[in-house]
Amino acid sequence: MTDQLYMQRCLELAKMGIGSVSPNPLVGCVIVNNGQIIGEGYHKKFGEAHAEVNAINDVLKNHRDKAAELLSNATAYVSLEPCAHFGKTPPCADLLIKHRIKKVVIGNTDPFADVNGKGIEKLQNAGIKVETGILENECRYLNRRFFTRIKQQRPFIILKWATTANGYFAPKNTVQQWISGPLSKKLVHKWRTEEDAILIGKQTAIADNPQLSAREWPGKNPVRILIDRNLHVPANNHIYNNSAKTIVINEVKTEVQNNVHFIQMEDMQYYLPQKIAFQLYLMDIQSVIIEGGANILNQFIQGNLWDEARVFTSATSWSDGIASPVINGIITEEHYVEKDKLTIYQNNQNK
């Protein structure tokens, strides 16, 4: 049970990197000597030190002269296999070997081709005892975005919408009309800080003129993605302001104007979700929230190209409107956010 507790702490640490490490995975590390945690760390920011480096530096800082002896009799718990290659930082497996760590306990092996068992092999060849599969499912769930990008060569796709109690998604006219309440809106802004990008179609951009920012929650704004085949969205819309990078997928041009990147795509009437997903993968976008409209959401549902759906159902009903998308998935969570019911679905068909 002790191994599980230390790995649970790794997961708690790893979560602190949400929104800052993509396209890298979330990783936490705890170093234990004789039943006592002597150092811990997590991957804080893409391009900066990995979890193992921060954990060992924590030991060196806190224990100074005793650090070398403590490390040589310590067990390192890490939620994902230590890297074995030179990327933006040196291999973490080499660092653990250098400090003569006695044992390494790992949650998941890393599916990335340059690692994928090589880190474990390196540690074992150096005489370090290695144990894997501790809280394996929990560790995999935490890094579901990373695993999806590596294994399926596409971003982790989250669908999000609000529906009235009687199943309407939006009014039939172009007047913006809120369905969910203010606390639900704040929660959505929190979600935006946790993902790489947010995507909408032309009709939503014109009707709602959204900012697609995280202004009601501290954190970064996501990359904004607009699907606008013939570039009909006016240039003075909020989506073109300078608060975040904007990618406009269209059939007209490829061009960069300040923070706006126009990407030309051929035959957008065919296999659009698949083309979008691969384009975002090529751009190292590891996760995306698709917020509408109904046509875009339905295309991703029909293409079975989604991983998670987050649906708010309000207590109010409308007499008419555009029908909400219908989704078939496994309900994993249900919560009430003030008067709104939030249902979270998981798609198990494409795993």
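**Exercise 1. Helix packing.** At what angle do helix 10 (residues 272-282) and helix 11 pack, and how far apart are their axes? Classify the arrangement and describe the contact.

*Solution.* Keep in mind that this is a predicted model.
Step 1: helix 10 and helix 11 pack at about 85°, and their axes lie 8 Å apart.
Step 2: angles of 65 to 115 degrees count as roughly perpendicular, so helix 10 is roughly perpendicular to helix 11.
Step 3: on the helix 10 side, the contact is made by Leu272, Pro273 and Ile276, and helix 11 brings Ile296, Gln299 and Phe300.
Step 4: sorted by class, this contact has 5 nonpolar residues, 1 polar residue and no charged residues.

**Exercise 2. The open sheet.** In what order do the 5 strands of the open sheet run, and which strands are at its edges? Then look at the pairing of strand 3 with strand 4.

*Solution.* Let's start with the overall layout.
Step 1: the strand order is 2-1-3-4-5, with mixed pairing.
Step 2: strand 2 (36-42) and strand 5 (129-132) are the edge strands, each pairing on one side only.
Step 3: from one strand to the next, the twist averages 15°.
Step 4: strand 3 (residues 75-80) pairs with strand 4 (residues 103-108) in the parallel sense, over 5 bridges.
Step 5: for a landmark on your screen, find Tyr77, which stands opposite Val105 in strand 4.

**Exercise 3. The largest pocket.** What is the volume of the largest pocket, and which residues are closest to its centre? Work out which elements contribute to the lining.

*Solution.* Go from the space itself to the residues around it.
Step 1: the volume of the largest pocket is about 1200 Å³.
Step 2: its lining comprises 49 residues, and Phe169, Thr204, Asp208, Glu291 and Gly293 are the closest to the centre.
Step 3: at least two lining residues each come from strand 6 (156-163), strand 7 (168-170), helix 8 (182-194), strand 8 (197-201), helix 9 (202-208), strand 13 (287-292) and helix 11 (294-302).
Step 4: the lining divides into 20 nonpolar, 19 polar and 10 charged residues.

**Exercise 4. The second largest pocket.** How many residues line the second largest pocket, and which elements give two or more of them?

*Solution.* The same route works here.
Step 1: the second largest pocket holds about 490 Å³ of space.
Step 2: 25 residues line this pocket, with Asn24, Pro25, His50, His85 and Phe112 nearest its centre.
Step 3: helix 2 (51-63) and helix 7 (144-152) are the elements giving two or more residues to this lining.
Step 4: by class, the count is 11 nonpolar, 7 polar and 7 charged residues.

Methods
Residues are numbered from 1 along each chain as its sequence is written. This is a predicted model: local features need pLDDT of at least 70, side-chain atom pairs count only at pLDDT 80 or more; totals for chains, interfaces and linings use all residues. Side-chain values use heavy atoms; hydrogens and water are left out. On a 1 Å grid over the protein atoms alone, a cavity is a set of points where a 1.4 Å probe fits but cannot get out, and a pocket is an open set with protein on both sides within 12 Å along at least five of seven lines; lining residues have an atom within 4 Å of a point. Grid points are joined across faces, edges and corners, and a volume is the space filled by probe spheres set on the points. Helices (H or I, at least four residues) and strands (E, at least two) are DSSP runs, numbered from the N terminus. Ala, Val, Leu, Ile, Met, Phe, Trp, Tyr, Cys and Pro count as nonpolar, Asp, Glu, Lys and Arg as charged, and the others, Gly among them, as polar. Axes are lines fitted to C-alpha atoms, for helices over the stretch in contact, and angles run from 0 to 180 degrees between N-to-C directions. Angles under 35 degrees count as roughly parallel, over 145 as roughly antiparallel, 65 to 115 as roughly perpendicular and the rest as oblique. Contact means heavy atoms within 4.5 Å. Two strands pair if DSSP finds at least two bridges between them.
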